[in-house]
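Work through these exercises with the sequence and the structure open. Each task is followed by a solution in steps.

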Amino acid sequence: MNPPLPNDRRPTLGFIGAGRVATALSVAATRAGYRVTAVASRKRQTAQTLAAQVPQCNAIAATEASDANAVFDHADLVFLTVPDDALAACAEHLSPSASQALVHCSGASEVELLRPATKHGAQIGGFHPLFLFAGLTDDATRMAGSAITIEAEPTLALTLRTLTSAIGCRPLEIPAGERMRYHAGANYAASFLLCALEEATELWRAIGMPESDAKEAMWPLVMGTLNAARERGLAGALAGPVSRGDAGIVTRHTEALANMGGNHATLYALLTLRAIRLARQRPNADDAALDAIARAIAPYVPPVAPNDTP
């Protein structure tokens, strides 16, 4: 990690957009010794709410996109924390100087969307925290230890890595043009994990278990799985019938889910393909048993490319 810069060498920070991400980052940066000097939002009250959480921060009402340029009167490094669909439009109206930088916090949008804002020589980049901002008062504390992916030219990248380390996070690099695959991967670790838990809840609800009981019952299982994965790796933490090579149980699972209708059996089968792949990574994997499981789920798996077979 890079050592923190002395206070007089740290850039002043600004935010265009005053939502969950901007709030958590501004509070975390302030605690790390950075000065957050300006925040702009379409609603003055929203900007004022964020500005009140950090000392000597100017709140700017940006009813028009060009109004947000006032942030550059106060800050060296400005984070664009607006929705993805608004990034390009905002960049068209922003005019940072050659000594300033504009950085978005999107995981899915390419940095090139900010190119219109470089007409005066400003630097641009991406700074995406791999963290679920819940809008809680302790988001700035809970994000410590998270990874932040950085995409920028070397000088700006160094500045962003230093900030990342200062707020207790871990910097990662992401190559230009790869944000779609990167962000899709993040979806699996966050939102799609929730989707898997919703599927579990639906199956338990289908047998008459109250939804509140189902959700309470899953937390020890979920947390135990995550802790095991962190300690032993994904393949090492794999449990259940695939890890045991039990094709009979997998067959009965898929039959029961197929009888429910819908796409329950298909989803189960597709996830089982990934479980087979993990199981093959384990020492002394029983390939014959895993082959039998693959055959058992084959009727429920849509056609796949040859290199996607387990």
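Accessible areas here come from the Shrake-Rupley method with a 1.4 Å probe. The model is predicted.

**Exercise 1. Describe the protein chain as a whole.**

Step 1. Start with the surface. The protein chain exposes about 16500 Å². Carbon and sulfur atoms supply 55% of that area.

Step 2. Turn to burial. The protein chain has 310 residues, and 40% of them count as buried.

Step 3. List the secondary structure. There are 12 helices and eight strands.

Step 4. Take the dimensions. The C-alpha trace spans about 70 × 40 × 35 Å along its principal axes.

Step 5. Check the contacts with a separation of 6 or more. Residues 24 or more positions apart account for 56% of these.

**Exercise 2. Classify the aromatic pair Phe15 and Phe79, then place it in the chain.**

Step 1. Recall the cut-offs. Ring centres must lie within 6.5 Å, and planes under 30 degrees apart count as stacked. The count by this rule is four aromatic pairs.

Step 2. Apply them. The ring centres of Phe15 and Phe79 are 5.2 Å apart and the planes meet at 20°, so this pair is stacked.

Step 3. Locate the partners. Phe15 belongs to strand 1 (residues 13–16) and Phe79 to strand 4 (residues 77–80), so the pair ties together parts 64 residues apart in sequence.

Step 4. Judge burial. Buried means under 20% relative accessible area. Phe15 has 1% relative accessibility, so Phe15 is buried. Phe79 also has 1%, so Phe79 is buried.

Step 5. Widen the view. Phe15, Phe79 and Phe127 form one aromatic cluster.

**Exercise 3. Are Phe192 and Tyr188 buried, partly exposed or exposed?**

Step 1. Set the limit. Exposed means over 50% relative accessible area, and partly exposed lies between that and the buried class.

Step 2. Compare the values. Tyr188, at 57%, is exposed. Phe192, at 36%, is partly exposed.

Step 3. Add the geometry. Tyr188 and Phe192 form an edge-to-face aromatic pair, with 4.8 Å centre to centre and 85° between the planes.

**Exercise 4. Which residues does Thr81 contact beyond its neighbours within four places in sequence?**

Step 1. Find Thr81. This residue sits in the loop between strand 4 and helix 3 (84–93).

Step 2. Check its exposure. Thr81 has a relative accessible area of 16%, so Thr81 is buried.

Step 3. List the contacts. Those neighbours aside, Thr81 touches Phe15, Ile16, Gly17, Ala18, Val21, Ala22 and Cys105.

Step 4. Pick out the polar one. The Thr81 side chain reaches the backbone oxygen of Gly17 at 2.9 Å.

Note on methods:
Residues are numbered from 1 along each chain as its sequence is written. This is a predicted model: local features need pLDDT of at least 70, side-chain atom pairs count only at pLDDT 80 or more; totals for chains, interfaces and linings use all residues. Side-chain values use heavy atoms; hydrogens and water are left out. Rings of Phe, Tyr and Trp (its six-membered ring) pair if their centres lie within 6.5 Å; planes under 30 degrees apart count as stacked, over 60 as edge-to-face and the rest as tilted. Helices (H or I, at least four residues) and strands (E, at least two) are DSSP runs, numbered from the N terminus. Buried means under 20% relative accessible area, exposed over 50%, partly exposed in between (1.4 Å probe, protein chains only). A polar contact is a pair of N or O atoms within 3.5 Å; within protein, one must be able to donate a hydrogen and the other to accept it, and residues adjacent in sequence count only if both atoms are side-chain atoms. Contact means heavy atoms within 4.5 Å.
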